[in-house]
Amino acid sequence: GEGVGAALLKPLRSALADNDNVQAVIRGTAVNHGGKAASLTAPNSDAQSALLISAYTEAEITPDTVTYLELHGTGTELGDPVEVEGIKMAFHEMAKKQNRAICHHYCGLGSVKTNIGHLEPAAGIAGLMKVILAMQHQKLPGTLHLQTLNPYIEITDTPFYVVEKTQAWERLQDKDG
């Protein structure tokens, strides 16, 4: 697909001083690439895990407070299981380090690509916009066109479940509200 999107990013202090309508706050970011892969676009679960741990550490987020993840989710037989495996590794490692218990099936997984396809360079901004809209409406959109979960994705005894139908988003409050 083709697409374009834009978001104005500015420091929260500046946005509040300017009386801007703040839609969301980005508390932490991280960038990486696995480096050792068959191609530039081939996924790497270790790199995915390291990326999440880095971003969550910077944002001071614990895995037991994350109730939804917007995945890259290209729908490929290889890519999606590798992405989910990296997420599982990150949550496990963070919970262990922070001495926190992880419950089963409290964190929804979804991808805007089931709604609009893969928009190449606009895929990331589309996912960001989906999450902001979900926060505003307090609803997690269902995953369209999912009939059978990829057999290589194993989420049975994990914090994760696929958001199959639109549902209320039960968000947890952290120490900052």
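A residue counts as buried when its relative accessible area is under 20%. Keep that cut-off in mind for the close-ups below, which come from a predicted model.

**View 1. Phe160 sits in strand β4 and is buried.** Phe160 has a relative accessibility of 1%, so it falls in the buried class. Who are the neighbours here? Leaving out residues up to four places away in sequence, Phe160 touches Leu69, Ile87, Lys88, Phe91, His105, Cys107, Leu109 and Ile155. Now look for His104: 56 residues separate Phe160 and His104 in sequence, yet their C-alpha atoms are 6.8 Å apart in space.

**View 2. Cys103 and Cys107 do not form a disulfide with each other.** How many disulfides does the structure hold? The count is zero. Cys103 is in no disulfide, and the nearest cysteine sulfur, that of Cys107, is 12 Å away. Why is there no bond for Cys107? A disulfide needs two cysteine sulfur atoms within 2.5 Å, and the sulfur of Cys107 is 12 Å from the closest one, in Cys103, so that is too far. Are these two cysteines buried or exposed? Cys103 is exposed, at 53% relative accessible area, while Cys107 is buried, at 0%. You have already met Cys107 in the first view, as one of the residues that Phe160 touches.

**View 3. Gly117 lies in the loop between α4 and α5.** To find the spot, follow the chain from α4 (113–116) towards α5 (123–137). Gly117 is partly exposed, with a relative accessibility of 26%. How far is Gly117 from Cys107? In sequence the two are 10 residues apart, and in space their C-alpha atoms are 23 Å apart.

**View 4. Gln138 has a positive phi.** Most residues other than glycine have a negative phi. Gln138 is not a glycine, but its phi is positive, at about 55°. Where does Gln138 sit? Look in the loop between α5 and β3 (139–140).

**View 5. His145 also has a positive phi.** Here phi is near 65°, again in a residue other than glycine. His145 belongs to the loop between β3 and β4 (160–162). Is His145 buried or exposed? With 73% relative accessibility, His145 counts as exposed. The strand that ends this loop, β4, is where you found Phe160 in the first view.

**View 6. Zooming back out, the protein chain has five helices and five strands.** Starting at the N terminus, the order is α-α-β-α-β-α-α-β-β-β. The C-alpha trace spans about 50 × 45 × 35 Å along its principal axes. What radius of gyration does the protein chain have? The value is 16 Å, which agrees with the figure near 16 Å that a compact globule of 177 residues would have. Of those 177 residues, 33% count as buried. Contacts tell you about the fold too: among those with a separation of 6 or more, 75% join residues 24 or more positions apart.

**View 7. The surface and the charges of the protein chain.** The protein chain exposes about 11,300 Å², and carbon and sulfur atoms supply 54% of that area. As for charges, there are 14 positive and 20 negative ones, and their mean positions are 5 Å apart.

How values were computed. Residues are numbered from 1 along each chain as its sequence is written. This is a predicted model: local features need pLDDT of at least 70, side-chain atom pairs count only at pLDDT 80 or more; totals for chains, interfaces and linings use all residues. Side-chain values use heavy atoms; hydrogens and water are left out. Buried means under 20% relative accessible area, exposed over 50%, partly exposed in between (1.4 Å probe, protein chains only). Helices (H or I, at least four residues) and strands (E, at least two) are DSSP runs, numbered from the N terminus. The radius of gyration is taken over C-alpha atoms; the globule rule is 2.2 Å times the number of residues to the power 0.38. Contact means heavy atoms within 4.5 Å. Accessible areas come from the Shrake-Rupley method with a 1.4 Å probe; for residues, only the protein chains shown count as cover. Lys and Arg count as positive and Asp and Glu as negative; His and the chain ends are not counted. The place of a charge is taken as NZ of Lys, CZ of Arg, CG of Asp or CD of Glu.
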